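User: I am new to this structure and would like to learn how to read its contacts step by step. Could you take me through them, giving the general idea before each case?

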There are 2 protein chains.
Amino acid sequence: MSDSAWRQQGSLWSNLRQVCDLLAIPAPATADQEDTVFQHVRFKAGQRIHRIGQAFDTLYIVNSGFLKTVHIDEYGNEQVLSFPMKGDLLGIDGIHKQHYASEAIALSDCDMILVPYKTFTALGRVHVELEQAMFNVMSREIVREQMMISMLSALSAEAKVARFLTNLGERFNQMGYSGRSFNLRMTRQEIGSYLGLTLETVSRTLSALNELGLISVEQREINLIDPVALKTLRRLPPAKARIKVSEKVTALVNKNLLPQWNGELAAALN
Amino acid sequence: MSDSAWRQQGSLWSNLRQVCDLLAIPAPATADQEDTVFQHVRFKAGQRIHRIGQAFDTLYIVNSGFLKTVHIDEYGNEQVLSFPMKGDLLGIDGIHKQHYASEAIALSDCDMILVPYKTFTALGRVHVELEQAMFNVMSREIVREQMMISMLSALSAEAKVARFLTNLGERFNQMGYSGRSFNLRMTRQEIGSYLGLTLETVSRTLSALNELGLISVEQREINLIDPVALKTLRRLPPAKARIKVSEKVTALVNKNLLPQWNGELAAALN
DNA sequence: CGAGAGGTTGATGTATTTCAATAGCTGTGG
DNA sequence: CCACAGCTATTGAAATACATCAACCTCTCG
């Protein structure tokens, strides 16, 4: 819940300053704090925030909760595009054609702030810094997607899963939670779709990272034991070597193993 | 070359109307056509337009020529992100951190229009329609990248290459060239990087599509013979079946083969 | 408590990569 | 102008990463 959002007509409202804080952009100094207010709407887990093809008119900011955004391809297959959480902006992809290009679905109960697109652009015209910030947010989104493309086309399954976990950790950190120990809000299926892998591969990879002592997993409970190693991991050592090594001084090995598994090292340890 | 760009101080210049036309956005009716002009700069094949980390201050619009944009990962590997051509806007990813997040390299001689970011935002403030158009362009870019992400994580190698070709064709069409028969401006290596495949897989896949009669390839010369089939192709029939089938009524088969290869059909034909 | 969704793990198959050998272009300098 | 060097592309054979199919287990929640 927003620290100081207030109730009015039975629903929560936030002012411009609160919205800017949430988006991590500087609020305009000249702000007329009271005359622009933003309504909150609550969604239950499983509910859709917007659908593909639906007429676009409002952006959403996540105030609390976890979501996924998905594409549905021509054969009805769901493709996960992102896992928005507190502070993220949803619906930008609707600006282009005035219809949402993706679907947003709540993974947990969510509190969303509505920002009518008209209000959004009007504010940009009034506050120069805000317009700048809006371009920034969109540019940031483009960079984020570029990173995703790089990751999808260049990394192995192990590296994808490892980075996914560290990225999640960093986002939890930014939100003020522990970045080392957290609960996944999505299924293996959804992680797999997001990373371009099958759910079985995700499950196996998590088990392997667990074996190696880089993380601990139990169902959706994750502990990042060696975040540095995870972040730079490129590929796992061959399975046979892994067994023996994992029984040795795992911590030490993990640090030497990166960024690339070293054959001589493996030999030396066996 | 821009239809009506003019020379001044030894280099070409375009006005706002020309720039808007190029970007396929409506030019502001109220435009003061003469007081904002944009300089052209020419780059030779192989030259860099901007580098990663370089201070950001200008956007580029492709007036003619072909380029690639790339990420360089922490180990120096190049990851191709896009192949910009006429009408495309470059450098948006630099807004976020005020430093370019990617590198743009000319694949052929190029004529680029410089748009200082300050000019860009200033124009948005003066012409409301322009600000709207700028958001549109950025949203379009986000949607394009989302499509790319879907494609990378869900499609087979054959489908990726097939879509790559039809997408290229569509862009050539929009530029007024033939969308059926064109020359690739990039190497197999670069296509592979873009699609998350090795250059060998790209080469083999092109050969296979050629075998099937869906395209013809000779070095960098491409002919799209059955664009509809290419666009909806999901996976190729097994290699053994392919040989026999390709010797039969290929055209007919191609049409029935989609969107998914049908086992009974293959059996019936053999 | 039972049903159903989510997760793990094994055996097997296959798409794609990797390694390697060969041949075709392109441009440069003698 | 030809020859040669160095990219670029093709193709084959072998290796492997990941997917697929399948069985079983585990939680959750009505």
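Analyst: Let us begin with what counts as near: a residue is near a strand if one of its heavy atoms lies within 4 Å of it. This is a predicted model, and in it 19 residues lie around DNA strand D, among which A:Thr201, A:Arg204, B:Arg188, B:Ser203 and B:Arg204 come nearest.

User: Which parts of DNA strand D lie within 4 Å of the protein, and in what share?

Analyst: Of the strand D atoms within that distance, 62% belong to sugar or phosphate, while the rest belong to bases.

User: Which polar contacts to DNA strand D can I look up in the model?

Analyst: A polar contact is a pair of N or O atoms within 3.5 Å, and examples can be found at both phosphate and base. At the phosphates, a polar side-chain atom of B:Arg188 lies 2.8 Å from an oxygen of DNA strand D, and a backbone N or O atom of A:Ala157 also lies 2.8 Å from a phosphate oxygen of that strand. At a base, a side-chain N or O atom of A:Glu200 is 3.2 Å from a nitrogen of DNA strand D.

The elements giving two or more residues to this surface are helices H4 (157-174) and H6 (199-211) of chain A, together with helix H6 (199-211) of chain B. Of these contributions, H6(B) gives the most, with five residues.

User: What classes of residue make up the surface near DNA strand D?

Analyst: That surface has eight charged, eight polar and three nonpolar residues.

User: How is the size of an interface often given?

Analyst: It is often given as the accessible area lost when the parts come together. Here about 4,200 Å² is buried between chain A and chain B, with carbon and sulfur atoms giving 60% of that area. On the side of chain A, the residues that lose the most area to chain B are A:Phe135, A:Ile142 and A:Ile149, together 16% of what that side buries. Counted by residues, the contact takes 47 from chain A and 47 from chain B.

User: How many salt bridges are there between chain A and chain B?

Analyst: The count is four, and A:Glu74 forms a salt bridge with B:Arg163, where the closest N and O atoms are 2.9 Å apart. Strand S7 (78-82), helix H2 (117-126) and helix H3 (128-154) of chain A each supply at least two residues of the side that touches chain B, and the largest share of that side, 21 residues, comes from H3(A).

Notes:
Residues are numbered from 1 along each chain as its sequence is written. Chains are lettered from A and ligands numbered from 1 in the order in which they are written. This is a predicted model: local features need pLDDT of at least 70, side-chain atom pairs count only at pLDDT 80 or more; totals for chains, interfaces and linings use all residues. Side-chain values use heavy atoms; hydrogens and water are left out. A polar contact is a pair of N or O atoms within 3.5 Å; within protein, one must be able to donate a hydrogen and the other to accept it, and residues adjacent in sequence count only if both atoms are side-chain atoms. Helices (H or I, at least four residues) and strands (E, at least two) are DSSP runs, numbered from the N terminus. Ala, Val, Leu, Ile, Met, Phe, Trp, Tyr, Cys and Pro count as nonpolar, Asp, Glu, Lys and Arg as charged, and the others, Gly among them, as polar. Contact means heavy atoms within 4.5 Å. Buried area is the accessible area (1.4 Å probe) that two parts lose on being put together, summed over both. A salt bridge is a side-chain nitrogen of Lys or Arg within 4 Å of a carboxyl oxygen of Asp or Glu.
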